[in-house]
Amino acid sequence: MSATATRNYLATFILDNRGKEESVDQIVDVVKAEIAAVSGTVSAVENLGLRDFARVTDSKFPAGNYVQIKFSGPPTAPAALKERLRLNHSVYRTLVQVA
């Protein structure tokens, strides 16, 4: 496989906009910009809405907004994206899978 090969990914994000003025759409725009910063191309965005957590770790945060984004990018994109979003407190969890 060459170094310039691109792969397709499905990323699931749990967003936390409690106490913030940002809407879910604004947070998704920030995430899309981060995907573009790691040489990724967004092909689809699906807002799955507010869902309860199966295991609540914080009693003040029993549910989160789930968003799935399909994108393509280099093999280094998932790790770079997770690192860039690690300090963004609006993104509670990130899961990137090869699609």
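Let me start with Phe61, which counts as buried at 3% relative accessibility, and I should say straight away that we are looking at a predicted model, with every value computed from it.

Phe61 has an aromatic partner in Phe53, and the two rings meet edge-to-face, with 5.3 Å from centre to centre and 75° between the planes. Phe53 has a relative accessible area of 13%, and because the limit for calling a residue buried is under 20%, Phe53 is buried as well. A search of the whole structure finds five aromatic pairs, and Phe53 and Phe61 belong, together with Tyr66 and Tyr92, to one aromatic cluster.

What sits over the ring of Tyr92? It is the charged end of Arg93, placed 4.6 Å from the centre of that ring.

I would now like to turn to Phe13, which is found in strand 1, the stretch covering residues 7-15. Is Phe13 buried or exposed? With a relative accessibility of 1%, Phe13 counts as buried. If we leave aside the neighbours within four places in sequence, Phe13 is in contact with Tyr66 and Arg93, and its list of contacts also has Val31, Asn65, Val67, Ile69, Leu81, Leu85, Val91 and Thr94. Two of these names have come up already, since Tyr66 is a member of the aromatic cluster, while Arg93 is the residue whose charged end sits over the ring of Tyr92.

One last separation, for those following on the structure: Phe13 and Glu46 are 33 residues apart along the chain, and their C-alpha atoms are separated by 11 Å.

Definitions and conventions:
Residues are numbered from 1 along each chain as its sequence is written. This is a predicted model: local features need pLDDT of at least 70, side-chain atom pairs count only at pLDDT 80 or more; totals for chains, interfaces and linings use all residues. Side-chain values use heavy atoms; hydrogens and water are left out. Rings of Phe, Tyr and Trp (its six-membered ring) pair if their centres lie within 6.5 Å; planes under 30 degrees apart count as stacked, over 60 as edge-to-face and the rest as tilted. Buried means under 20% relative accessible area, exposed over 50%, partly exposed in between (1.4 Å probe, protein chains only). A charge sits over a ring if NZ of Lys or CZ of Arg is within 6 Å of the ring centre and within 35 degrees of the ring normal. Helices (H or I, at least four residues) and strands (E, at least two) are DSSP runs, numbered from the N terminus. Contact means heavy atoms within 4.5 Å.
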